Amino acid sequence: MQRAIMSLMDKVYNHEEFEKKIYVLWEERGYFKPEINPNGKPYSIILPPPNANGDLHFGHAMFVVEDILIRYHRMLGDKTLWLPGTDHAGTETQFVFEKRLQEEGKSRFDYNRAELYQMIWDYVQDNRGGIEKQLRRLGFSLDWSRSKFTLDPDIVQMVLRTFKKMYKDNLVYRDYRLVNYCTRDGTSFSDLEVIHEERVNPLYYIKYGPLVLATTRPETKFGDTAVAVHPKDKRYKQYIGKEIEIETVLGKAKIKVIADDMVDPEFGTGVVKITPAHDFNDYETGKRHNLEMRQVIGFDGKMNHYAGKFEGLYVKQARRAIVEEMQKKGLIEKIDEQYISRVGLCYKCKTVLEPLPLEQWYVKVRPLIENANNAVDKGFVQIFPKNFTHILKQWYAGLRDWNISRQNVWGIQIPVWYEVEDEEQFTVSFVDQKKNHKKGTLKELLKNNSLEEILEGLQTVVAPITAKVVFEEDKEKGKQYLPETDTFDTWFSSGQWSYVTLKNTHPGDFEAFYPTAVMETGYDILRAWVSRMLLLGQYIANGKQIADDQKLKESVPFRHVVLHGLVNDPYGKKMSKSKGNVVNPLQVADEYGADAVRFALVYGTALGNDQAMSYGKLDAAKKFANKLWNMARFIEMNRNTKLETRNEKSFKELLSFAKHKNDKEWIKKTKSLSEEIEKYINSYQFNLAAERLYEFIWHEFADIYIEDVKKRNDENAFFILESLYSILLKILHPFMPFVTEAIYQKIPRHGESIMIDQWPTL
């Protein structure tokens, strides 16, 4: 008998033998679907959608937190849904695809919008399944039958309806203002997408007639429309309101001196140049003083005609050439070569962003923020850890209107058309039938091309800010229209994710699962995503002003926000491809097992805290899985097959069945542990749950109780031991699903699967 059992369970737990087979079993039997508990209380989590053509990284591996919650609630008997999906990731995906084109000697300008979109679509579809396979590899019990993609037609239609509704409610508008523009990627970004970095940039002290001012950007001087001083700075009082004559690299000029509180008298000489078209502070100053906005840098990153003989130079080239010319003319008083300034970088390609004026679509955030703050203040949305509540409120307090326009092809096109009243006011680029790239005013292009040909090969349209806006269904016959070619910021569509996914999965899903129970993600996207989900979710559900508390409660997209920290490399450094320190979680899972990866990620790290990936924790977790396996081997080798040993017995029933005081004591201890783990999971203290399970199972149950039962050699004690061990497997299952299922399937007289078995009852 013992030899048969020994062959059934090898001495060492081999995760490679079980993990993939077990996952297939779960999925094929439909255990991930909420229908497995049709009469249970609804409990739902929407997976933060990873990039559809991306690869799994340790940020995604932290989805283990969601899987713990989902498996726990499924075992409680709840009607549990964990809804998967993927994001089209507009800027990132187009950036990657354009690099591929460059390697082939091509560029996006070789294709019209429709062609380029289809090429990227095909590329994403070819790679889309990769991330899903990787999520399966870590045991995530997602209901794949409900999986959604941000560019699914039904999702796109709902996003477009939201925009149209917001337009009619006066919550979106078009404006001509400065944006953060990447001249390499060819698109603008919202403030939140800008990476700020301190760099050494020379500070140039330039002579402006009788004044000397300091600037790090002499190349933008062609766009200066004033110089400014502080109104209380006595040094320059005599110049305020006057026009001074200055010498420039292009000859003599005149410029006005204004007074404004934004000037720091301690910076440089206390005099600053005002360039409204190329600096955000100057832009605001220009609006206050009604200054001209003169753009001198183009969207290609080159100086334009205002720069005279420097036209056509890239910004850095122009800076060097202009400084050299100014030095020749004696216009530079001195240069501080060690000056440190803060610059904004493109989060994707790290190019220094240019503040450039552009017509863009914006969301009015103030009316939406009021609803979000009310929901948080009244406890309808709770954030864990609680200190992030203050961070969210602070973010809302300083939030400016949200730029949702992106100059990408890959994404959801903004669904508006512009009536063409003055062909000279529209700038258009397109690819003609001979594959030639053409750009100019619509009036110029129509001399040699028909409007139909332009629309067929269309790439971009820049309409004047005064252009009349209409939707497709409102276009009038006999009038000319050009479409908006910008796409939505990816966050605009993913910000509606909870609502639009549940509205487009299975009938009844929205009614059952909205609001969702938990939104779990990294704290680093609290502002970029979670805050916007709250703004948009409430609006879509119940409008822009929600006065009724019950409607406010029903409108929120989630009840709890749970935020995990970042996973850094073993030295505590942020993982980055450029640094070459990225650790692939799948390779780690192949070596240590998926259970070890999952357990190590929650063990020893409190919610919301960063952690360094620890090979020590991985090794300990792998040994813990093997310890569980060997405990099962011992129990099986010593079981009495004549005794009924079903595992459905409650703690109360076990207490009445136990004979020895030691066994009764361990029943009470295990019951206490079950209650303790429930408390930790319900309060999102996963680290404390993992630490307590490890300590209890190995150093108390195995080291003390099993050794005690060995000495007593009592049939009743072995029955209690096996029953308690089965209970411990259930409690541990949400954390280490594969090894607990492997053991569960090896021990006779259990149910179908541990993942749909009942959580231990009192």
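What follows is a conversation about how some labels on this predicted model are justified.

Biologist: How many helices and strands are there in the chain?

Modeller: The chain has 27 helices and 30 strands. Its C-alpha atoms fill a box of roughly 105 × 60 × 55 Å along the principal axes. Of the 762 residues, 57% count as buried.

Biologist: Why do F163 and W361 count as an aromatic pair, and what makes the pair edge-to-face?

Modeller: The ring centres are 5.4 Å apart, and the cut-off for a pair is 6.5 Å. The planes stand at 80° to each other; over 60 degrees counts as edge-to-face, so the label applies. F163 belongs to helix 8 (residues 153-168) and W361 to strand 16 (residues 354-363), 198 residues apart. Both F163 and W361 are buried.

Biologist: Why is the pair of F163 and F488 called tilted?

Modeller: The centre-to-centre distance is 5.3 Å and the angle between the planes is 55°. Stacked needs under 30 degrees and edge-to-face over 60, so 55° is left as tilted. This pair also links distant parts of the chain, with F163 in helix 8 and F488 in strand 26 (residues 487-488), 325 residues apart. F163 and F488 are both buried.

Biologist: Which residues form one aromatic cluster with F163?

Modeller: The cluster consists of F163, Y167, W361, W402, F471, F488 and F492. The count of aromatic pairs comes to 46.

Biologist: What makes R71 and D67 a salt bridge?

Modeller: Their side chains meet at 2.9 Å, N to O. The limit is 4 Å between a side-chain nitrogen of Lys or Arg and a carboxyl oxygen of Asp or Glu, so the pair qualifies. R71 and D67 are about one helical turn apart because 4 residues separate them in helix 4 (residues 64-75).

Biologist: How do you know whether R71 and D67 are buried or exposed?

Modeller: R71 has a relative accessible area of 0%, and D67 also stands at 0%. Buried means under 20%, so R71 counts as buried and so does D67.

Biologist: Why is E354 said to tie together distant parts with R217?

Modeller: E354 lies in strand 16, whereas R217 lies in the loop between strand 9 (211-215) and strand 10 (226-229), so their pairing ties together parts 137 residues apart in sequence. The salt bridge has an N to O distance of 3.0 Å. Both E354 and R217 are buried.

Biologist: What makes D377 exposed and K393 partly exposed?

Modeller: D377 has 53% relative accessibility; exposed means over 50%, so D377 meets that label. K393 has 25%, which falls between the 20% and 50% cut-offs, so K393 counts as partly exposed. The side chains of D377 and K393 meet in a salt bridge of 2.6 Å, N to O. D377 is in helix 11 (residues 366-377) and K393 in helix 12 (residues 387-398), 16 residues apart.

Biologist: Which residues do salt bridges that share partners join into one network?

Modeller: E35, D143, R146 and D509 are joined in this way. The salt bridges come to 48 by count.

Biologist: Where does the charged end of R136 sit?

Modeller: It sits over the ring of W144, 4.2 Å from the ring's centre. The cut-off in distance is 6 Å, so R136 meets that part of the rule. The charged end of K503 sits over the ring of F510, 4.3 Å from its centre.

Conventions. Residues numbered from 1 in each chain as written. Predicted model: local features only at pLDDT ≥ 70, side-chain atom pairs only at ≥ 80, totals over all residues. Heavy atoms only, no water. Phe/Tyr/Trp six-rings, centres within 6.5 Å; stacked < 30°, edge-to-face > 60°. Helix = DSSP H or I, 4+ residues; strand = E, 2+ residues; numbered from the N terminus. Buried < 20%, exposed > 50% of the residue type's maximum accessible area, 1.4 Å probe, protein only. Lys NZ or Arg CZ within 6 Å of the ring centre and 35° of its normal.
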